[in-house]
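User: I am new to this structure and would like a close look at a single part of it. Please take me through the surfaces by which that part meets its surroundings.

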Amino acid sequence: MATSLERVLHQAKNENRAALIGYIPAGFPTVEGCKRAIDVLIDSGFDAVEIGYPYSDPVMDGPIIQEAADQALRNGVKAKDVLATLHHATERGAAAVVMTYWNPIEQFGVDEFAEAIAQAGGSGVITPDLSFEQAQPWNESAARAGINTIYVVAPSTTDERLRKVTGITSGFIYAASLMGVTGTRTSVSHSAQELVARIRQVSDLPVAVGLGVSTPEQAREVATYADGVIIGSALIKELLGKDFDKGLLGLQELALSLAAATKSANREVRGVQ
Amino acid sequence: MTATVDTGLFGPYGGRYVPEALIAALDELAQMHQELKNDQSFAAELSHLHKTYSGRPSILTEAHRFADYCGGARILLKREDLNHTGSHKINNVLGQALMTKRMGKKRVIAETGAGQHGVASATAAALLGLECVVYMGEEDTKRQALNVARMRLLGATVVPVTAGSRTLKDAINEAMRDWVTNVETTHYILGTVAGPHPFPVMVRDFHRIIGDEARAQVLELTGALPTAVLACVGGGSNAIGIFYPFIDDKSVRLIGLEAGGDGLETGRHASAISGGRPGVLHGARSYMLQDEDGQTIESHSISAGLDYPGVGPEHAHLYDIGRAEYWSITDKEAMEAFSLLCRTEGIIPAIETAHALAGAIKLGKELGPKATLLINLSGRGDKDVQTAAEYFGMV
């Protein structure tokens with residue numbers, strides 16, 4: 001059976017547009033505040049949300065997400081809060097996944113974590129530091145639970161390895177737009193479009209581009225060639241260090257303009273599968 | 001015992017848990033490491049530097065007066081403290097810096113806790129004409145201000161890391177972020193036998209010279225293998241270096257001494273094996289200090305170089321299969337051993353190393369005069385004079 005995420009991506013494809021996906025760490029700025037921020041994203045037209053699992057050693061993340069995750073951890077966020085936040089998003093009818101470094105999954109129990117994601121209505125998990133060579137136990141558990149395994153590929157990933165990694169991926173392929181960590185950038189790297197083209201050679205799965213996509217202009221640009229646009233740090237920046245209600249208004253404004261930009265992108269028509 | 005080339009697994013430990021962006025660079029490194037193992041010109045170049053620059057082979061010193069406090073056991077010290085830059089760290093750094101040149105990269109980065117690996121990296125970079133950036137937790141830059149100045153004198157850029165707990169683990173995170181971003185031009189000189197494959201095997205191979213020399217020296221001096229080999233363990237590079245050539249000598253006990261801080265029972269320690277459980281940190285599975293959710297717990301030790309919540313994956317495996325033992329030594333025990341070596345032998349050891357000496361005192365008392373204990377004197381204590389003077393109320 002298709003996951004909600006797969007259905008949403010299929011629908012976007014039918015409408016000949018890219019899906020818009022937003023990232024926010026659970027527990028940021030608070031557990032309840034995060035849920036309200038997710039509501040804003042859903043109401044503004046985001047197709048899916050990624051709930052970040054705040055982690056003590058986030059080597060893939062730049063300063064903005066580090067600070068947000070740190071704040072969440074200082075608030076005492078635990079696994080149950082991550083799952084409750086996921087449940088909140090899916091109850092609102094959104095397609096939602098969790099993005100997490102590997103160790104929290106291993107400590108929770110690999111089978112148990114996959115099952116808990118499914119129980120919360122989650123569509124899958126993005127695992128940015130689970131390398132192909134170490135992925136088998138997780139893939140088996142995720143398959144049993146019926147959830148997607150979403151892997152990240154990078155501009156430095158060789159064609160041979162792209163084949164391997166996309167071969168164990170489901171839902172969508174997460175294309176890292178550049179060599180680097182998460183964060184806002186003034187422009188989207190050219191390597192993103194090249195990487196998407198290389199992925200198309202080896203896989204029919206939807207491809208979403210993330211890392212450094214921050215503005216409506218950048219979202220529109222990425223939406224012309226990718227199946228999904230992932231925004232993280234730029235959303236969090238609206239809430240970081242600000243009065244929450246004011247921050248939420250800023251978040252809403254940005255979210256609406258990102259949604260409009262993504263939907264207005266000029267796309268070459270790609271056939272519906 | 002050796003990890004398989006492709007995966008870098010030691011039993012269930014090791015492997016690669018890293019962003020996909022780093023895989024190509026790790027593959028390149030692993031392949032080069034394999035090729036250079038059989039490359040005579042590389043071996044000759046490194047060996048020349050060992051002889052003419054860092055001062056190898058390091059000598060073996062018999063500690064007669066210190067032995068009186070170790071139940072009369074024969075005590076042999078492998079003097080890595082006499083190496084250029086003051087510790088074993090230079091062995092690995094020279095090897096990786098030469099590899100950097102062969103890869104055609106012009107920039108190296110490193111993490112450092114106490115500053116020893118940072119100083120060694122800055123030294124090798126100066127020698128070979130490489131740009132060098134060292135990441136150091138902001139807390140550690142304050143605790144080890146002199147080493148910050150040493151690195152800067154050697155031409156390196158020192159970047160204080162203000163994220164997380166502002167110590168060694170956060171410096172590693174920041175170095176990994178730099179590496180992900182600049183991997184095409186930059187080599188990451190990881191300073192211990194932790195991290196993703198091939199670092200644990202590669203760093204071990206650059207340090208096994210300690211054990212190779214020491215094994216031959218002990219045999220020549222005593223005509224027999226030692227009863228036990230002891231070394232302090234943070235990430236575990238000096239320990240694996242001296243253990244490795246003895247692994248097949250089943251009669252020789254291998255004992256790693258972890259930093260016990262205020263004591264295992266207090267929770268304030270840095271004993272990943274004695275007081276932690278398996279998990280994934282900094283790109284590999286091993287023992288580590290973590291809470292029930294897998295969040296890393298901050299470690300505590302008087303010794304900045306052992307103040308790390310993880311440990312190299314090969315140590316985890318040696319522990320599980322029962323080939324090596326790991327004991328926890330408190331700050332207090334380490335400082336007593338530190339003081340004792342100063343006063344009985346005229347050698348000021350690094351506080352890291354003092355943990356191994358404390359282990360020898362315990363084991364010697366247990367085994368008595370028939371035992372021969374080989375201790376890796378991994379570093380000298382010049383950098384620790386301030387800490388020790390404060391600890392003993394001398395300033």
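Analyst: What follows looks at chain B, beginning with the contact inside the chain and going on to the contact with chain A.

The model is a predicted one, and its domain assignment divides chain B into domain 1 (9-51 + 89-199) and domain 2 (56-86 + 207-391). The contact between these two takes 37 residues from domain 1 of chain B and 38 residues from domain 2 of chain B, while their centres, taken over C-alpha atoms, are 22 Å apart. About 3,100 Å² is buried between the two domains, with carbon and sulfur atoms giving 60% of that area. Across this interface there are 0 salt bridges, although 13 residue pairs are in polar contact. On the side of domain 1 of chain B that touches domain 2 of chain B, α8(B) gives the largest share, 5 residues, and the residues of that side divide into 15 nonpolar, 16 polar and 6 charged.

Turning to the contact with chain A, 35 residues of chain B and 35 residues of chain A take part, and the two chains bury about 2,800 Å² between them, 45% of it on carbon and sulfur atoms. Of the area that chain B buries against chain A, 24% is supplied by B:Glu20, B:Arg177 and B:Asp293, more than by any other three residues. Between the chains there are 6 salt bridges, and the side chains of A:Asp57 and B:Lys169 meet in a salt bridge at 2.9 Å, N to O. There are also 23 residue pairs in polar contact between chain B and chain A. On the side of chain B that touches chain A, the largest share, 7 residues, comes from α8(B), and the residues of that side divide into 15 nonpolar, 10 polar and 10 charged.

Key
Residues are numbered from 1 along each chain as its sequence is written. Chains are lettered from A and ligands numbered from 1 in the order in which they are written. This is a predicted model: local features need pLDDT of at least 70, side-chain atom pairs count only at pLDDT 80 or more; totals for chains, interfaces and linings use all residues. Side-chain values use heavy atoms; hydrogens and water are left out. Domain bounds come from an automatic or database domain assignment. Contact means heavy atoms within 4.5 Å. Buried area is the accessible area (1.4 Å probe) that two parts lose on being put together, summed over both. A salt bridge is a side-chain nitrogen of Lys or Arg within 4 Å of a carboxyl oxygen of Asp or Glu. A polar contact is a pair of N or O atoms within 3.5 Å; within protein, one must be able to donate a hydrogen and the other to accept it, and residues adjacent in sequence count only if both atoms are side-chain atoms. Helices (H or I, at least four residues) and strands (E, at least two) are DSSP runs, numbered from the N terminus. Ala, Val, Leu, Ile, Met, Phe, Trp, Tyr, Cys and Pro count as nonpolar, Asp, Glu, Lys and Arg as charged, and the others, Gly among them, as polar.
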